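Hello,

Here is the structure we talked about passing on to you. Please have a look at it first, and then read my notes below.

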Amino acid sequence: MGRQWWVLASLNILFLLSGQTAGVILGRFYYDEGGSSTWMATLIQTAAFPILLIPYFIILPSSQNPSTTSTPPSIAIISFVYFALGILFAGDNMLYSIGLLYLSASTFSLICATQLVFNAIFAFFINSQKFTVLIMNSVVVLTLSASLVGLNNDSDAPSGVSKWNYFLGFASTISASALYSLILSLTQLWFQKVLKKETFSVVLEIQIFASIVATCVSVVGLFASGEWKSLEGEMDGFGKGRVAYVMTLVGAAIAWQVCSVGVVGLIFVVSSLFSNVIGTLSLALTPIAAVIIFHDAMNGIKVIASLLSLWGFSTYIYQNYLDDLKVKVMQTEVNEASNHSIC
């Protein structure tokens, strides 16, 4: 892992952290100011995919010669994978939209940290991810963090949310975290076992084509549900005005696309589990932003849960550092052995 690897990994980490935090905050702002369409909240999570065409066509010319000579999969297989991922994206986005509708931004983010636990399980069975003491520690600590939030009362729930709706939001967020983790592991499997191409343009292709499918599903859902009829009323009744309504949706759409590039990029550069850990770090930081912007209640339980999330993230990062150090030692030993054999 050279300097270029660390630069690429750091850039994708920045994309994920900033995009996810902004997406959650703007999504909660949309609901707080009068928005109520879960299909619209689902749609904006993928609708801005056309902006990814800009970096795609910039990167594509330098990615014409992949590092592998393997026979590429057929168009039918590629189409099926993109379609399946798009359907999963749409379902996952809808679950997240329901969760954010009934939970505060801080509670929503802390519950989403459970995605690392699910991803560890999926990565073990699907991606043959090895478990170490530090990774297990990360999983256990994050599970405890989410459990604390689950046992906490719903005093900071958005106004007008009943206990049943609060439970629905909690269950939807847990389900979304599990589905999201499955998507990450399946994406990594696609890279490793099927596509076998090591170019970043492929990362963008996955996001672009899967987002097209997810966006189409969301548009169909928006019209089939009849929620499209209330959008003009939402805009007129938005607390901060019509312009703010449009800017909120556009800003959230862009933020989620920036986040998605970071997510898939980290799967490409490192692994699905690492990508999920960085996402968990963002979820640990989002409650801080929610307290500042929305004045969410940050009681002792939430503080402890946030600290546990940061602890879980730190232990996994340290494990990645140890793995990197081990690889460098092995490469040095191989080089030394090769030099001795030449002599």
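Helices here are DSSP runs of H or I with at least four residues, strands are runs of E with at least two, and both are numbered from the N terminus. Read that way, the elements of the protein run α-α-α-α-α-α-α-α-α-α-α-α-α from the N terminus on. That comes to 13 helices and zero strands.

Please keep in mind that this is a predicted model. The mean pLDDT of the protein is 81, and 87% of the residues score at least 70. Among the elements, helix H2 (residues 38-43) has the highest mean pLDDT, at 96, while helix H12 (residues 272-294) has the lowest, at 72.

Now for the overall picture. The protein has 343 residues, and 51% of them count as buried. About 16000 Å² of the protein is exposed, with carbon and sulfur atoms supplying 70% of that area. If you take the contacts between residues at least 6 apart in sequence, 88% of them join residues at least 24 apart.

On the buried side, helix H5 (residues 105-112) is a good place to start. Eight of its eight residues are buried, so helix H5 is largely enclosed by the rest of the structure. The residues in question are Ala105, Ser106, Thr107, Phe108, Ser109, Leu110, Ile111 and Cys112.

Another residue to click on is Asn93, in helix H4 (residues 75-102). Asn93 counts as buried because its relative accessibility is 9%, and the cut-off for buried is under 20%. What does Asn93 touch, leaving aside its neighbours within four places in sequence? Its contacts are Thr42, Gln45 and Thr46.

You may also want to look at the charged pairs. How many salt bridges does the count come to? The count is two.

- The side chains of Asp32 and Arg28 meet in one salt bridge, with an N to O distance of 2.8 Å. Both residues lie in helix H1 (residues 3-32), four residues apart, which is about one turn of the helix. Arg28 counts as buried at 4% relative accessibility, whereas Asp32 counts as partly exposed at 39%.
- Arg242 forms a salt bridge with Asp236, and the closest N and O atoms are 2.1 Å apart. Arg242 is partly exposed, with a relative accessibility of 45%. Asp236 is partly exposed too, with a relative accessible area of 48%.

Finally, turn to the surface. Ile121, Phe124, Phe125, Phe131, Met136, Val140 and Leu144 form a nonpolar patch there, and together they have about 670 Å² of accessible area. Helix H6 (115-126) and helix H7 (133-151) are the elements that give two or more residues to this nonpolar patch. Is Phe125, one of the residues of the patch, buried or exposed? Phe125 is found in helix H6, and at 65% relative accessibility Phe125 counts as exposed because the cut-off for that class is over 50%.

So, if you would like a short tour, these are the stops: the buried helix H5, Asn93 in helix H4, the salt bridge between Asp32 and Arg28, the salt bridge between Arg242 and Asp236, and the nonpolar patch on the surface.

Happy viewing, and best wishes

Terms used:
Residues are numbered from 1 along each chain as its sequence is written. This is a predicted model: local features need pLDDT of at least 70, side-chain atom pairs count only at pLDDT 80 or more; totals for chains, interfaces and linings use all residues. Side-chain values use heavy atoms; hydrogens and water are left out. pLDDT is the predictor's confidence in each residue, from 0 to 100. Buried means under 20% relative accessible area, exposed over 50%, partly exposed in between (1.4 Å probe, protein chains only). A salt bridge is a side-chain nitrogen of Lys or Arg within 4 Å of a carboxyl oxygen of Asp or Glu. Patches are made of residues with over 30% relative accessible area and no salt bridge: like charges are joined within 9 Å, nonpolar side chains (Val, Leu, Ile, Met, Phe, Trp, Tyr) within 5 Å. Accessible areas come from the Shrake-Rupley method with a 1.4 Å probe; for residues, only the protein chains shown count as cover. Contact means heavy atoms within 4.5 Å.
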